[in-house]
Amino acid sequence: MTMQMTREFEGKFDETEHWSGDTMEDVLEHPAEWALRVDRLPHIWCPGCGIGVAMGAFVQALKEAEIDRKRLSVVSGIGCTGRVAGYMKCDSFHTTHGRAIPFAVGLHLANPDLEVVVFSGDGDLSAIGGNHLIHAARRNVDLTVICVNNFNYGMTGGQAAPTTQEDARTSTTPRGNFEAPFNLPALVAAAGASYVARWTVLDLGRLRRAMVEALHHPGFAFIEIISPCPIYYGRFNRMGDALNELRYYRDNSEVKNFAPLKEADLSKLGGKIVVGKFVEEHRPTFMDRRAAHAARRAAK
Ligand code: SF4
């Protein structure tokens with residue numbers, strides 16, 4: 001026998017108890033609302049994508065680092081991660097492909113009091129924008145660069161990127177990738193970055209702390225965030241769903257602060273992921289060197 005529930009069994013609905021004139025929007029405020037353009041939500045990212053987690057960590061880090069939103073500029077390039085700038089409630093710029101860093105450098109030079117953050121993906125920053133990345137690092141320009149690495153170009157259909165791992169399948173390498181990928185922490189450190197870290201989206205607390213450090217760091221600070229792209233990279237390489245990728249991060253990532261950067265190599269699909277803070281040095285920034293040079297010339 002099935003029991004039938006009808007409205008007759010419900011208690012009498014007390015309108016004064018259950019209903020006020022307030023809408024849900026009046027009553028509830030999301031803790032990230034102060035930093036996000038909620039009118040742009042829901043975001044465009046696929047279920048299980050790690051970019052939203054990275055953006056959430058960034059919002060928390062801004063609060064913890066006590067960054068004044070009126071002084072903050074977030075710059076993105078093109079790609080899935082490039083959408084972050086559009087969701088941030090601050091002066092934000094969605095620039096052309098690969099040009100987030102030169103745009104950010106221009107902002108910094110025009111107004112060095114701004115807190116300028118570049119938030120973009122591995123393809124945008126290290127392929128199309130690769131030249132800008134190494135030269136901003138070489139100059140130790142006072143920027144925070146957050147690079148979400150999901151090993152492929154997600155937005156345009158999962159093509160191979162300069163970070164795609166050896167033998168990995170993508171839409172342009174259906175038989176496996178034969179190229180050697182970049183080791184991004186080693187690349188930017190060799191170019192001159194004075195703060196370099198890598199965390200996965202699973203290391204939420206550590207990632208947030210790294211972002212706080214990077215925001216306060218005088219000089220070129222680079223954080224690589226390893227993040228799942230279950231729709232393309234995960235699916236093409238039979239990694240299971242996003243939760244499986246997170247399990248993989250849990251079981252295969254190893255925290256090794258200040259590890260020799262050769263160990264940060266990620267070229268083996270399914271290999272170990274060394275995470276940690278790799279570089280933290282205090283060296284004159286681009287603006288420091290420029291001021292010192294001007295002073296030397298004035299003294300002659
Ligand atoms: Fe994320 Fe990949 Fe979807 Fe882009 S395509 S939103 S990187 S899961």
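**Note on the pocket, a helix pair and the ligand shell**

1. In this predicted model, helix 6 supplies the largest share of the lining of the largest pocket, namely three residues. Helix 6 spans 122–128, and together with strand 5 (152–153) it makes up the elements that give two or more residues to that lining.

2. The volume of the largest pocket is about 170 Å³. Its lining consists of 16 residues, and those nearest the centre are Ile78, Gly79, Cys80, Tyr153 and Gly154. By class, the lining residues are five nonpolar, nine polar and two charged.

3. On the ligand: the surrounding residues are Trp45, Cys46, Cys49, Cys80, Asn150, Gly154, Cys229, Pro230, Ile231 and Tyr232. This shell holds eight nonpolar and two polar residues, with no charged ones. Cys80 and Gly154 belong to the ligand shell and are also among the residues nearest the centre of the largest pocket.

4. On helix packing: helix 7 covers residues 130–138 and helix 8 covers residues 184–191; their axes come within 7 Å and cross at roughly 50°. The two helices, 7 and 8, are therefore oblique to each other.

5. Helix 7 enters this contact through Leu133, Ile134, Ala137 and Arg138, while helix 8 contributes Leu187, Val188 and Ala191. In the contact of helix 7 with helix 8, six residues are nonpolar, none is polar and one is charged. Arg138, on the helix 7 side, is that charged residue.

Terms used
Residues are numbered from 1 along each chain as its sequence is written. This is a predicted model: local features need pLDDT of at least 70, side-chain atom pairs count only at pLDDT 80 or more; totals for chains, interfaces and linings use all residues. Side-chain values use heavy atoms; hydrogens and water are left out. On a 1 Å grid over the protein atoms alone, a cavity is a set of points where a 1.4 Å probe fits but cannot get out, and a pocket is an open set with protein on both sides within 12 Å along at least five of seven lines; lining residues have an atom within 4 Å of a point. Grid points are joined across faces, edges and corners, and a volume is the space filled by probe spheres set on the points. Helices (H or I, at least four residues) and strands (E, at least two) are DSSP runs, numbered from the N terminus. Axes are lines fitted to C-alpha atoms, for helices over the stretch in contact, and angles run from 0 to 180 degrees between N-to-C directions. Angles under 35 degrees count as roughly parallel, over 145 as roughly antiparallel, 65 to 115 as roughly perpendicular and the rest as oblique. Contact means heavy atoms within 4.5 Å. A residue is near a molecule or strand if one of its heavy atoms lies within 4 Å of it.
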